[in-house]
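User: I would like to go through this model step by step, with the reasoning behind each answer made explicit. Could you begin with the term needed to talk about strand pairing?

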Amino acid sequence: MEASAKDATETATHVAVKGEAAIKQEFITTKDAFHGFLDSEWQGSKGEKASENETPQEKKDPSVDEPECKKSKLDHEDVKKTEKQDKKRFRGQNKSRPHIKPTTYEEKRLCLSVIQKNGECKFGDKCIFYHDVAEYLANKPADIGERCYLYDTFGKCEYGLACRFATAHTTADFKTMEKEELVKAYEGRTLVKNSLSKDLQYRLRKRSVTFKKSEEYLKMLSDNKDKKEQQSNGKTQNCFCPLPTCPDIQPPVKTVGPLTDADVIKLRPCEKKKVDFKDKLYLAPLTTCGNLPFRRVCKRFGADITCGEMAMCTNLLQGHQSEWALLKRHESEDLFGVQVEGCFPDTMTRCAELINNYTDVDFVDINSGCPIDLVYKKGGGCGLMTRTRKFEQIIKGMNYVLDVPVTVKIRTGVQEKSNIAHKLIGEMKNWGVSMVTLHGRSREQRYTKLADWDYISTCAKLADPVPLFGNGDILSYEDAVKAKETGVSGIMIARGALIKPWIFTEIKESRHWDVSSSERLDILRDFTNFGLEHWGSDTRGVEKTRNFLLEWLSFMCRYIPVGLLERVPQKINERPPYYMGRNYLESLMASQNVDDWIRISEMLLGPVPKNFNFLPKHKANSYK
């Protein structure tokens, strides 16, 4: 293996390209040599005989090849047009990618009545699932391993015979074993909070949940609007604040001297919770990849603040199980918030009251930075930044109904050269925001070009005394030190945590950590174990865990080990060239081909099903 890797690196004559990371020359290789080496070694590890004399196909030096024949102008334009279309086709996201349900990977499952030992099935002969255990085991996919993480950790596996590691806790007569000591140790503990109960889901669907505080706020909003419309003296009012503290609303009692809050506001039953955000490392709410198992991994590496993925307020109000799953909180997340997206004061206020009454969170974040068209065209996400009237009503309404702080995440603006965040920040201080997070890019930029940290620094001074967190392009502790010098209260890390989740440890210890490939595989193994605990250890849970693992690997493959870099640290906007790692596993983890991500997943979760189909979020790679 070492000889073939050496041959592969010797074939490369790499010329430095702008935008590429600087890697030591002895590790540089070509695309053909790289993939040829990975394929031959993978086949060899599976027991297939590879020819000893077979070497990776060498890429010819372009300086030796004859120049191409000159094409006519018309032909040249056609070629350029085709190349442009191909380039466009493989950029951006796969917006219409198929969402395959994990249930499709298992033709027929074991009936829940058999797993939970509830006696006879209430569906009787009409039930489409297996009731004969022997018949089910004969058709069940082979077990992945001999040890079950759930059984070893908690003393029992609730998936019983359906578990893909069932041999670890199943007796000869098909009974599930338990470890009494471990079961007692976890008895009464709630590891995951904020689940949607069946009763609440039913009441949300029947619209029988009451929103008392929200109705009070919305009534004040409506009354204030009517009052303004009924003015007949031609006097204009700039204030549209519905709260009782508004100077345009007459006090209910006569006062001598200045009007105080105590004159018009009754003391609340509980004091609004205060959170100290200063100088903390904040893991950004990451759509798709920022799931609970991934947050647990980051928490172990030193993330201080975690936040759930963006949830749509209308879906939460309608009781969608998939949307409520984004609010779940693990016991290890000591400072946890949820992020909601919406564009109208009524739905956002009701959603905030729902979260306040039925979940356990430390803060609620308003997403005003989402750039995707689906959200922006409705007026949500970045659209809120240009709808300041609605934005103010949303923030004040959520503050009115919540017992926890309200935070806001924004971008610099909508257009690239028209920053508006500095105008909003001054207003938001008066609206009652407890913290602002600023991503140093506009909606038009998405994630291209560098984040504007000079502008973030300007906004941090304007936000004082409200804490402002900066976000953008942080991939090393040196980046974090430069970010803190801008005067921000803290930093939020997004893609940097996906590429290297140990970045939180690096920042806190002020060092570069050369994480080996085996250590990275252990991190991935922890993620899969957390995934099996969260999504289940049956076939459905295994394939769901695999799907989220593959999404994460599409970012993690961009990491370049510190020992291979010519110049430390790696920059987030520098793409890695083709290079050979210090061993086969390191080379495999450097691949940006989805076939190789599948191979890594098979090391941890066994072979993929026959009908497995994965299309990554980004168009660069696909697997069918």
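Analyst: Two strands are said to pair if DSSP finds at least two bridges between them. The model discussed here is a predicted one. With that criterion in hand, two bridges join strand S4 (residues 311-312) to S6, and these strands run parallel.

User: Which residue in S6 is the bridge partner of methionine 312?

Analyst: S4 and S6 are joined by two bridges and run parallel. In this pairing, the S6 residue that partners methionine 312 is glutamate 341.

User: Which residue stands opposite glycine 337 of S6?

Analyst: S6 also pairs with S3, in the parallel sense and over two bridges. The residue standing opposite glycine 337 is cysteine 307.

User: Is strand S6 largely enclosed or open, and how many of its residues are buried?

Analyst: In a regular strand the side chains alternate between the two faces of the sheet, so each face has to be examined. On one side of S6, Phe336, Val338 and Val340 are buried, and on the other side Gly337, Gln339 and Glu341 are buried as well, which leaves both faces covered. Strand S6 (residues 336-341) is therefore largely enclosed by the rest of the structure, the number of its buried residues being six of the six.

User: Which helix makes a β-α-β unit with S6 and S7, and of what hand is the unit?

Analyst: S6 and strand S7 (residues 363-368) pair in the parallel sense over four bridges, and within this pairing valine 340 has isoleucine 366 as its bridge partner in S7. The helix that makes a unit with these two strands is H14 (residues 345-358), and the hand of the β-α-β unit is right-handed.

User: Which residue of S11 is the bridge partner of tyrosine 282, and which one stands opposite asparagine 471?

Analyst: Strand S2 (residues 281-283) runs parallel to S11 and is joined to it by three bridges, while strand S10 (residues 468-471) is likewise parallel to S11 and joined to it by three bridges. On the S2 side, the partner of tyrosine 282 is methionine 492. On the S10 side, the residue of S11 that stands opposite asparagine 471 is methionine 492.

User: Which helix makes a β-α-β unit with S10 and S11?

Analyst: Both faces of strand S11 (residues 490-493) are covered, with Gly490 and Met492 buried on one side and Ile491 and Ile493 buried on the other. S10 and S11 belong to a right-handed β-α-β unit, and the helix in it is H19 (residues 477-484).

User: Which helix gives the largest share of the largest nonpolar core?

Analyst: The largest nonpolar core holds 147 residues, and those touching the most other members are Ile366, Met398, Met428, Leu468, Ile491 and Trp552. The largest share of this core, eight residues, comes from helix H23 (residues 539-556).

User: Which residues does methionine 398 touch, leaving out those up to four places away in sequence?

Analyst: Methionine 398 is among the residues that touch the most other members of the largest core. With residues up to four places away in sequence left out, methionine 398 touches Val340, Met348, Thr349, Ala352, Val364, Ile366 and Val406.

User: How many residues apart in sequence are the parts tied together by phenylalanine 301 and tryptophan 513?

Analyst: A search of the whole structure finds 14 aromatic pairs. In one of them, the rings of phenylalanine 301 and tryptophan 513 have centres 6.1 Å apart and planes at 65°, so this pair is edge-to-face. Because phenylalanine 301 lies in the loop between helix H11 (292-300) and strand S3 (306-307), and tryptophan 513 in the loop between helix H21 (503-509) and helix H22 (517-535), the pair ties together parts whose separation in sequence is 212 residues.

User: Are the rings of tryptophan 535 and phenylalanine 548 stacked or edge-to-face?

Analyst: Tryptophan 535 lies in helix H22 and phenylalanine 548 in helix H23, so the pair ties together parts that are 13 residues apart in sequence, and both residues are buried. Their ring centres are 4.6 Å apart and their planes at 10°, so the pair is stacked.

User: How far from the ring centre of phenylalanine 530 does arginine 296 lie?

Analyst: Phenylalanine 530 is touched by arginine 300, which also touches Asp526. Arginine 296 lies over the face of phenylalanine 530, and its distance from the ring centre is 3.8 Å.

Technical notes:
Residues numbered from 1 in each chain as written. Predicted model: local features only at pLDDT ≥ 70, side-chain atom pairs only at ≥ 80, totals over all residues. Heavy atoms only, no water. Core = buried A, V, L, I, M, F, W, Y, C linked by side-chain atoms within 4.5 Å. Buried < 20%, exposed > 50% of the residue type's maximum accessible area, 1.4 Å probe, protein only. Contact = heavy atoms within 4.5 Å. Phe/Tyr/Trp six-rings, centres within 6.5 Å; stacked < 30°, edge-to-face > 60°. Lys NZ or Arg CZ within 6 Å of the ring centre and 35° of its normal. Right-handed = clockwise from strand over helix to strand, strands pointing away.
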